[in-house]
Amino acid sequence: MKINKDKLADFIAAISEQTVYAPQKRGEALVFAPVAKGSNVNLAAANTTIPPKSVVFPQTETLLRFELGKTDLEAPVQEGKAVMLGVRPCDARAMVIVDNVFSWDVDDPYYLQKRADLTLVGLACLEPCVNCFCSSVGGGPASKEGLDVLMTDLGDGYLLEVLTEKGQTLCQSAEGLLEESVKEDKDAAEKLHAAAVNKITRQAPDTGPIPAGLPRLWEDPLWAEVSESCLGCGICTYLCPTCHCFDIQDESEGCDSRRCRTWDSCMFPEYTLHASGHNPRPTRRERTRNRINHKYSYFVDKFNVIACVGCGRCINLCPVNIDILNILSKVGEAL
Amino acid sequence: MINLEKIRDIAKNTVSRDDIKYLIGWRQGTYGFRVSPHFVRKPEEAEELIFSPLCSNNLATYLTLAEKRPVPRGQQPDTRKVAVMVKGCDSRAVVQQLVEQGIERESVYIIGCPCEGVVDQSKLEEKYPGTFGQVEARWENGKISLCFPEGKTEVVGEELLTQKCLTCRYPNPVLADINLREEVAARGNESFADVAELEKKSTKDKWSFWQDKFSSCIRCYSCRNVCPMCYCQECILDKLNPTWVNRSVNISENTAYHLARAFHLAGRCIECGECERVCPVNIPITKLNRKLTKEVTEKFGFEPGVDVEAKPPLVGYRPDDKENFIL
Amino acid sequence: MNTNPYKPYIATVEDTWFETLGDRCIKTFKVVLDDEELRYNWSHLPGQCAIIGVLGIGESMISISCSPTEGKFLRFSVMRTGKVTKALHELEKGDKMTVRGPYGNNFPVDEWKGKNIITIGGGIGQAPLRPIIEYVKANRDDYGSLNIIYGARTSADLCFKREFEDMGSSGDVSCNLSIDIKEEEWPHYVGFVPSLLMDVNPSPENAIAITCGPPVMINFVLQNLKKLNFADKQIYTTLENRMKCGFGKCGRCNAGNLYVCKDGPVFCYETLKSVPEAFA
C-alpha cells in the first residue's frame, strides 16, 4: 500500500482514536510526543534525541499510589491503544530486545500493557547518520524486526509494508487514504534500502567473539584508558534505546504519596552503593567495564542478543567523545 | 600561530618530569569535528596532542573528577602533580578551585593555552552535515580554517564561534606555570546584553520560556558533572537522606534542580559554557548562570577565577559589604 | 497471588526486639501477612529473601531469617544503616510493614540431605544462616551433624543470643561462638571467625560449609576452608548488593553476569570463583 505525502495529516487524523506518537520538538530536542492539533510532526529528521522507549518505559512512572499512614494501594497500570509513527528500525529492534527483560520470569504489567497496546509504524532510514552502525549488530536501515508497518519514503509518497495483524488493522482504519502500491514502488523501495546499507560508514568489529571473550579482559588496562575522560553523567544510558535500568523511590506531597520508578544509570556511582558505604564499582573504570560487559556479554548470556542496536546516540551525544565503536575495536584487538 | 611541534615538545618534557603524574590535553576525536580529552603518561603519547579552535572541553574539571582511591597499606600517597592544558576560561576554573581550596597549588602544573576562540560544534554540524572523516582546524588571521579529510579547506569566521567567545575578556590564562604561545587580544567587553534581553520580559513570558526548556530536561546531570566548579562529593540535589529534590523528572523537580544549581554557582561560575555545550537537549543553561553573575558583579564588584588571592564574597564577610538589597 | 510484582503485601509486626544495640543496631521483626490466604499460601525455603519496607519511605531486600518449618510468620533481622532501615527500626508491635517476595534462589537443602552441615557466620551474616539451622533441626533425621560457627566483634554484637544459649551444645549439634576482643566473663573462643574455624577444624568428609558475613571475613574463611580441604562445590555463600526491584528488571544488582536477586543470593563457590565482581 501507498500513501501520498499530502495525505499524511489526514492519515494521522484517521487513526487518532488511538494516541498517536510522532517525532516533535519539545524544547530544543526531538522526542516522540503525542500528536495534537497543530502539532509539527518531523519525519525528515534523522532520529529523535530521546529514544521511543520513553513511550513504553516513561522516564518517570507511578507504580503505586497511597496515602501516608494508610495501607490501601492503587496500582495505576496505564492502558490505551497507541500508535508510534516514524520509529526507526534500530529503535524498534531495541524494543524487542528490552521486551526480554520486562517479561523475564515475572511480567512487568506497566511496560507490557503499553507494549501490547502499541502499534509501531516504522520509517526506513534512507540517509543513515555518520555514527549509525546498525548493520554490524544484527540490524539494518530497513529492518522489519519489531515493526507492524514499515514506511519507505519514495519521494512523493510513502510505501507502506504491512508486517503484522496489528499493522493490518491500523491500515484498515485509514483505508480511504491509501492506494494500492505497484511493483515499481516496491522495487524503488528495495533499491533505496540497499543504497542505505551502503551509506553506512562505521562498522563495529566482528561481534562474534566478543560476548564470550569479554570476561577474559576483566583486568585489561583498556577499561581505565577509555573511562578516564568519562564525566559519569547519564547521557549514554538515558539516550540508549536498549538501556532499561531504573530506580524506585517513594515521594510524598503532604499526605499524598506514591512509589515511582525513574530512569537510572549504571554510570552513576550511587547505582551500586551499599548502605554500609561499600561500593563494588567505586570508580568510572569499573562502571564503564560493567556497562560494556552488560551490553555485549551478560545480556547475550541471558537473552542471546547483544543489547546494542547501533543507533549511534551515545557516540553523537557523549560530551567527551567516548566512542563505543572505539571501545569495541580495542576489545576486538585485545581478544 | 600554533606550533604543534612546540606544544608536543613542551608536553613531552612535562610528562618526563619526575614530579608530574600525567598531563591532560586534547586530541582529535573519533569522527568529524570532535575532540576528546587525552591523558598523557608517556612522552610518545604526547604526539597526539592538539590545540585548535575545536578544543572546547574545559579540562580543569578533571582536576576534581579523578577519584581518590585509598592508599594500599605500606604505600605512600602519590603526591605528584597533574599537568593540565587550559585556555583562558578554563584557567579561571583552576584559579577558582584554588581559591576555594578544592585543589592545592602544588598538585597542579598549569599549561596556559592563549585561545582565539572555539567553535560551536552544533553550528559546524549544521553547516557541514554528515561530516564523517576527522577534520582539523586552525586559527588563521582572525578566521578559522577547517581542513577536511578529502583535502578540501574551508574558512569560516566569527559567526561559527561559541557565544561566550564573542564577549571573551580572558583569552589568556590568568594563571599558568608555562604558556604555549604569545598572548592574544581580548575579543569582547562585558555588557550582559544577553541577560538584559531576558530581564526585559514579563514574569509570565520568562516562566513560559523556562518552562519550555526545563520540561525537556532529562536530568542526565551532564551539566553538573562537566562543571569544574561542581565537585561536591555528594551533590545535595542527588541526596536521598533527606531528599531535597525528588528523583522524578517533571517541570517542578527540574526547575528546582536548575535553579538550585545556578544559585550554588553564584559568584563561582567562571562562564566556560561547558554546561550548555554538553546538554543533550540544548537547554540554554548559561542564561541562568549569567544572570547571577551579573547580580554578583553589580552587588559585590567580584569576578570569580581571576585572582588567586581573592576572598569570595558569598563566603566571607567585609564590613563594607553593600547590603542595600537586604536592608 | 499478585499479578503486579511491584505491589507489596501488607504485614503486621507481631513482635519485635533488639538483637544488638548501638549505632548500627540490629532489630528482629516477626511479622504476619495480613491477608489470610496469602499467609497460608506463602512458601519459601532457607536462603530466600523478601523486600520489606515502609510506605512513603522505601524498601530494602532483607533475607528471611526463619525457616518455613517454624510457622506461618516471617522473621527479618535488620541492621539500621540507611534511610529505609531507619524507618523500619521505628516500627513497633502492631505497626504495618510492606512485604514482597519471596525472591531469589534457596540453599539446596534437598541436595544436602544426609550431609554434615557447617554454618560459618559473622555479625549480621548469621541472619541468612539461621533458617538453615532451624530447617535442619526440624528435619533432624535427614541430615548429619550440625556445626554452628559464629562470631562478632563483641558479645553485645552477637545476634540470636537467647537462641544460642538455649541450644548449647548437645550430641551432634555443635555450637561454637567467638568474639574478636577479649571480655571479662566471656567463656568461649576469643579471635576472628576464620581462626575459630581452624580451631573447630571440621572435617570436609560428606560436609557442606555455608558462610555469610562481612566480605573481609568471607575471604579468609574461604582461604581456610580450602586449607581444610573443602572442595569448591562443598562451599556455599550468599551475596548482597544494592537492590530495587528484586526480580531482575532494574538491572543494578548484578555481580558479573549473575543477578544477585535471581541467580542468587545463594551461590556455590564453584560458580563464584570465576566471577571477579562477586568479590568486589
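**A tour of chains C, B and A**

Start by selecting chain C of this predicted model, where the pLDDT averages 94 and 98% of the residues score at least 70. For the complex, the predictor gives an ipTM of 0.94 together with a pTM of 0.95. As a caution while you look around, where pLDDT is low, the predicted coordinates should not be read in detail.

Staying on chain C, colour residues 9-103 as domain 1 and residues 116-238 as domain 2, following the domain assignment. The centres of domain 1 and domain 2 of chain C, taken over C-alpha atoms, are separated by 24 Å. Next, bring up the place where these domains meet: 15 residues of domain 1 of chain C are in contact with 14 residues of domain 2 of chain C. On the domain 1 side, the elements that give two or more residues are strand S1 (9-20) and strand S5 (74-79) of chain C, and this side has six nonpolar, seven polar and two charged residues.

Now move to chains A and B, and display the contacts between them, in which 36 residues of chain B meet 34 residues of chain A. To follow the chain B side, select strand S2 (35-40), helix H7 (203-215), helix H8 (222-226) and helix H10 (274-278) of chain B, which are the elements that give two or more residues to the side touching chain A. With four residues, S2(B) provides the largest share of that side. If you then colour the side of chain B that touches chain A by residue class, you will find 14 nonpolar, 15 polar and seven charged residues.

Notes:
Residues are numbered from 1 along each chain as its sequence is written. Chains are lettered from A and ligands numbered from 1 in the order in which they are written. This is a predicted model: local features need pLDDT of at least 70, side-chain atom pairs count only at pLDDT 80 or more; totals for chains, interfaces and linings use all residues. pLDDT is the predictor's confidence in each residue, from 0 to 100. Two residues are in contact if their C-beta atoms, placed from the backbone, lie within 7 Å. Ala, Val, Leu, Ile, Met, Phe, Trp, Tyr, Cys and Pro count as nonpolar, Asp, Glu, Lys and Arg as charged, and the others, Gly among them, as polar. Domain bounds come from an automatic or database domain assignment.
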